Amino acid sequence: MKKILIYPFVLLIRFYQGAISPFTPATCRYTPTCSQYSLEALQKHGLFRGGKLAIKRIFSCHPFGGSGYDPVPDELPKKKSD
């Protein structure tokens, strides 16, 4: 079920990686790149959690944001229950 939900997003990312990214300057400040990070996050954590990680990463990829090696976490922090 998870693969079916993420499939359209994986296609969009793969399209970006193959058709758009090669023709633009490399500007990602992180390793792995934001598009590769997004793919891995979706595949490991599904549409909602992986999507949240991907969006957070993309929004932090700017001159005043972070940089360097930042892999997708294997496990997400547990939510605190009250």
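How are α1 and α2 oriented to each other? In this predicted model, the two helices run roughly antiparallel to each other, because an angle over 145 degrees counts as such and theirs is about 175°.

## Packing of the two helices

Helix α1 spans residues 2-20, and its axis lies 10 Å from that of α2. On the α1 side, the contact is made by Lys2, Leu5, Ile6, Phe9, Val10, Ile13, Arg14, Tyr16 and Gln17. On the α2 side, the contributing residues are Ser35, Gln36, Ser38, Leu39, Leu42, Gln43, Lys44, His45, Gly46 and Leu47. Taken by character, the residues of this contact comprise nine nonpolar, seven polar and three charged.

## His45 and its surroundings

His45 is located in helix α2. With a relative accessible area of 16%, His45 is buried, since the limit for that class is under 20%.

Beyond residues up to four places away in sequence, His45 touches Lys2, Gly50, Leu53, Val72, Pro73, Asp74, Glu75 and Leu76. A polar atom of the His45 side chain lies 2.7 Å from the backbone oxygen of Pro73.

## Salt bridges

A search of the whole structure yields two salt bridges. One of them joins Asp74 to Lys44, with the closest N and O atoms 2.8 Å apart. This pair links distant parts of the chain: Asp74 belongs to the segment after β2 and Lys44 to helix α2, 30 residues apart. Asp74 counts as exposed, at 62% relative accessibility, whereas Lys44 counts as partly exposed, at 40%.

Asp70 forms a salt bridge with Arg57, and here the closest N and O atoms are 3.6 Å apart. Asp70 lies in the segment after β2 and Arg57 in helix α2, so the pair ties together parts that are 13 residues apart in sequence. The two partners fall into separate accessibility classes: Asp70 is partly exposed, with a relative accessible area of 27%, while Arg57 counts as buried, at 2% relative accessibility.

## Cys28 and Cys61

Cys28 sits in the loop between α1 and β1, and Cys61 is found in the loop between α2 (34-60) and β2 (68-69). Along the chain they are 33 residues apart, yet their C-alpha atoms are separated by 6.6 Å. Cys28 has a relative accessible area of 30% and is partly exposed. Cys61, at 22% relative accessibility, also counts as partly exposed, because values between the buried limit of 20% and the exposed limit of 50% fall in that class.

Which residues surround this pair of cysteines? Apart from neighbours within four places in sequence, Cys28 is in contact with Thr33, Cys34 and Cys61. With neighbours within four places likewise set aside, Cys61 is in contact with Cys28, Arg29, Tyr30 and Cys34. Cys34 thus appears among the contacts of Cys28 and among those of Cys61.

## A cis peptide bond before Pro32

Pro32 lies in the loop between β1 (30-31) and α2. The peptide bond leading from Thr31 to Pro32 is cis, with omega near -5°. In general, most peptide bonds are trans.

Pro32 can also be placed relative to Cys61. The two residues are 29 residues apart in sequence and 12 Å apart in space, C-alpha to C-alpha.

Technical notes. Residues are numbered from 1 along each chain as its sequence is written. This is a predicted model: local features need pLDDT of at least 70, side-chain atom pairs count only at pLDDT 80 or more; totals for chains, interfaces and linings use all residues. Side-chain values use heavy atoms; hydrogens and water are left out. Helices (H or I, at least four residues) and strands (E, at least two) are DSSP runs, numbered from the N terminus. Buried means under 20% relative accessible area, exposed over 50%, partly exposed in between (1.4 Å probe, protein chains only). Contact means heavy atoms within 4.5 Å. A salt bridge is a side-chain nitrogen of Lys or Arg within 4 Å of a carboxyl oxygen of Asp or Glu. Axes are lines fitted to C-alpha atoms, for helices over the stretch in contact, and angles run from 0 to 180 degrees between N-to-C directions. Ala, Val, Leu, Ile, Met, Phe, Trp, Tyr, Cys and Pro count as nonpolar, Asp, Glu, Lys and Arg as charged, and the others, Gly among them, as polar. A polar contact is a pair of N or O atoms within 3.5 Å; within protein, one must be able to donate a hydrogen and the other to accept it, and residues adjacent in sequence count only if both atoms are side-chain atoms.
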